[in-house]
Amino acid sequence: MTTTIIWTIAIITLLGALLAVVLYLVAKKFKVEEDPRIDEVEKVLPGANCGGCGHAGCRAFAQSCVEAPNLDNNFCPVGGNDTMKKVASVLGVEVKEKAPMVAVVRCNGTCENRPRTNEYGGYSSCRVKAALYSGDTGCSFGCLGCGDCVSVCQFGAIAMNPETGLPEVDQEKCTACGACVKACPKAIIELRNKGARNKRVFVSCVNRDKGAVARKACKAACIGCGKCAKACPFGAITVENNLAYIDFTKCKLCKKCVAECPTGAIHAVNFPVLKPKPAPVAKPAEVPVKAEAAPAQKEQAAVNPQPTEKKEE
Amino acid sequence: MKKTFSIGGIHPNDSKISSDCKINVLPVPSTVCISMAQHLGAPANPVVAAGDKVKAGQVIGEPAGFISAFVHSSVSGTVKSVGPRKDLAGNNVNHIEIAVEGDEWADGIDMTETIVREIPDNETIISRIKANGVVGLGGATFPTHVKLCPPPGKKADFLILNGAECEPYLTSDYRIMLEKPEQIVIGAAIMRQVLGNPRTIIGIEDNKPEAVKTMSSVVAKLKVLSPSFHGIEIMPLKKKYPQGGEKQLIDAVTGRQVKSMGLPIDVGAVVQNVATSLAVYDAVQKNRPLVTNTLTVTGDCLPGDRQRNFLFRIGTPLSFIVDQIGGIPEEAVKVVSGGPMMGKAISNLDATTVKGSSSLLFLTAAQTVRKAESNCIRCGKCTEACPMGLEPFLLNKLARNGMMEELEENAVQDCIECGCCLYSCPANIPLLDIIRIAKGDVIKIIRGRQAAAKK
């Protein structure tokens with residue numbers, strides 16, 4: 001009995017030792033040479049594995065950073081410039097600062113602006129809905145309101161507003177990873193420059209129908225009249241296929257276009273809220289614009305109280 | 001024992017309420033809007049401009065590519081406008097709007113009712129089918145002349161005429177089989193001649209005994225008259241949805257199965273709908289372009305005396321048809337174009353009829369409102385029902401997780417979107433909705449790969 005136990009222990013110990021040696025040799029022989037900097041870079045990354053950089057995850061991004069000659073084609077939208085600086089210091093290379101971006105929902109189709117023409121009773125998913133038909137309003141370009149963008153956001157930065165039926169981006173939480181941009185079947189969401197002090201001007205509409213058709217479908221649609229393009233002193237606005245687009249690399253935030261837009265399709269956010277002037281210049285086009293722009297300003301002001309402080313200074 | 005297809009299938013209530021309604025000729029509306037995208041493939045290019053006078057049957061759109069078709073005016077009058085309008089799904093499509101003046105047909109079109117039994121030579125047949133814009137009227141609206149010219153090296157052993165009309169409610173094919181059987185059989189003989197005289201079988205589901213009887217007696221009569229009608233037979237099929245699916249019908253009639261991503265011609269079969277056969281007859285024997293078709297107006301909530309089978313002109317506004325039957329019934333919450341299984345809900349009644357319009361179906365809230373989705377219990381009912389032998393529950397899981405390679409391995413691309421899985425699911429999971437999207441994505445990947453391989 002005792003000998004059996006002794007023999008068993010002895011054999012197993014011997015076997016263990018033998019296999020350990022084999023494992024050691026195999027590990028030596030087939031060792032995968034990996035740049036130790038990959039681990040270091042990975043450590044400074046946010047670790048969200050969101051795929052916003054275009055790579056499969058943070059490790060794949062780190063590998064790409066280490067292998068690339070410079071960091072020009074690699075950018076972590078979640079970590080932003082701070083993270084990229086850390087990556088650069090690990091690798092000992094230069095990094096160009098990128099302007100921070102934010103997701104922008106380009107649709108004015110609130111329940112009020114864009115009356116529903118039919119009722120959708122199918123599965124609640126924008127992709128499914130878009131594959132079936134043009135949507136439950138007269139506008140075949142606008143937001144479908146099923147919230148595919150909300151469900152793909154890993155940072156809780158986008159939420160549906162039940163009052164308007166449109167998604168709203170929380171600019172503090174948004175990391176500009178671009179997941180919502182990919183998820184939107186109507187290509188409404190765009191990544192734009194966050195802008196100086198978060199000030200942004202953009203055309204909040206993607207309707208390419210002719211003016212009359214677009215206006216009939218939605219009160220605040222871009223009708224492609226081109227007034228904004230004429231008003232812009234910097235040539236930042238182009239009108240193509242009945243739709244204006246503001247190039248954020250050229251826009252100097254002068255807001256001249258906002259005043260010109262007859263439907264209020266152009267939004268200016270995070271600008272200081274001006275006190276209503278005692279006798280405003282009687283420009284008929286301006287009245288609806290202010291009415292349109294006001295709620296957006298209010299909502300942004302609630303998130304970011306900076307602009308109001310600025311005014312007091 | 002009557003034949004049917006071997007895999008899957010379901011038995012929905014056939015609800016052929018309007019089967020006794022004779023085909024009425026729908027009055028011509030005051031304006032028509034004719035879509036340029038009435039067929040599978042590239043939309044036609046408009047060849048008329050605002051202000052032009054057109055006659056009924058005149059070409060107003062020319063094919064823009066190999067898989068495309070001519071579009072003809074269905075009325076005589078003046079072109080009011082050419083430009084984008086919303087179709088029944090609300091998408092912008094080029095339309096030609098014509099104000100109707102009189103009813104004058106273009107030269108060379110035989111509008112008499114005399115039946116022509118002499119079949120011309122093959123060249124004439126193909127050129128007339130092409131010139132008269134005939135497309136498949138079974139649902140896919142694939143240009144018929146393309147289907148009747150198999151690629152070199154492939155030969156048709158079977159020409160199968162689809163008289164199954166397996167979609168519940170629809171009765172337009174049934175009515176034409178009762179009212180225009182001779183024309184359909186002559187149309188079949190024409191297509192048979194083009195394909196090199198294969199065995200020709202007209203498959204009809206056994207819930208239409210009258211159609212089987214009428215068609216059989218007409219075939220027997222024509223066989224005595226001319227040898228060109230030998231080799232045409234009627235085959236009653238056991239009722240099962242989706243018998244009218246091309247691959248299912250081939251399986252039911254011949255026992256051959258089309259391989260994954262294959263075409264019917266790969267197993268030596270060509271399938272045409274009975275309505276297409278009628279259009280072929282009109283095009284070849286009468287030189288009539290495809291500007292009319294039969295449409296069923298039906299629904300449980302529509303009283304019996306308002307049910308209709310209409311012979312309509314293409315471009316007729318749907319709202320005009322609704323007015324003809326006295327408006328939308330009160331209980332109806334949804335209007336569907338096509339059958340309840342595969343039809344499309346109409347979001348825009350200002351849209352107009354197209355070559356392939358087959359019905360206006362009114363559905364009540366009880367028939368349409370979706371029940372809440374619950375968890376998959378792996379009962380396998382969807383797998384049992386799938387006529388393509390797929391596993392919808394698995395595809396659903398894979399699709400929700402975006403697993404494209406696995407979806408392709410599990411043949412999501414073979415889905416025919418018949419809706420059997422959705423119909424049979426006790427957990428009310430929107431299987432088809434999700435699988436359809438995944439199928440589109442996978443087919444895009446496959447096409448991309450094929451294009452890359454060609455380069």
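Which residue is the bridge partner of Gly163(B) in strand 10 of chain B? Keep that in mind while we walk through this predicted model.

**Stop 1: a strand in chain A**

Select residues 101–105 of chain A, which make up strand 1. Five of the five residues here are buried, so this strand is largely enclosed by the rest of the structure. Now look at its two faces. On one side you will find Met101(A), Ala103(A) and Val105(A), and on the other Val102(A) and Val104(A); both faces are covered.

Next, add residues 189–193 of chain A, which are strand 4. Strands 1 and 4 of chain A run antiparallel and are joined by five bridges. To see the two strands side by side, click on Val104(A): opposite it, in strand 4, stands Glu190(A).

**Stop 2: a sheet in chain B**

Move to chain B and show strands 9, 10, 11 and 12. They form an open sheet in the order 11-10-9-12, with parallel pairing. At the edges are strand 11 (232–237) and strand 12 (269–273); each has a single partner strand, so one side of each is left without a neighbour in the sheet. Neighbouring strands of this sheet are turned by 25 degrees against each other on average, direction ignored.

Zoom in on strand 9 (residues 158–163) and strand 10 (residues 199–205) of chain B, a parallel pair with six bridges. Here is the reply to the opening question: Gly163(B) has Ile204(B) as its bridge partner in strand 10.

**Stop 3: a helix across the sheet**

Finally, select residues 246–254 of chain B, helix 6. This helix lies across strands 9, 10, 11 and 12 of chain B, and runs at about 115 degrees to strand 9.

Key. Residues numbered from 1 in each chain as written. Chains lettered and ligands numbered in written order. Predicted model: local features only at pLDDT ≥ 70, side-chain atom pairs only at ≥ 80, totals over all residues. Buried ≥ 20, exposed ≤ 12 C-beta atoms within 10 Å, placed from the backbone. Helix = DSSP H or I, 4+ residues; strand = E, 2+ residues; numbered from the N terminus. Pairing = 2+ DSSP bridges. Axes fitted to C-alpha atoms, helices over the stretch in contact; angles between N-to-C directions. Contact = placed C-beta atoms within 7 Å.
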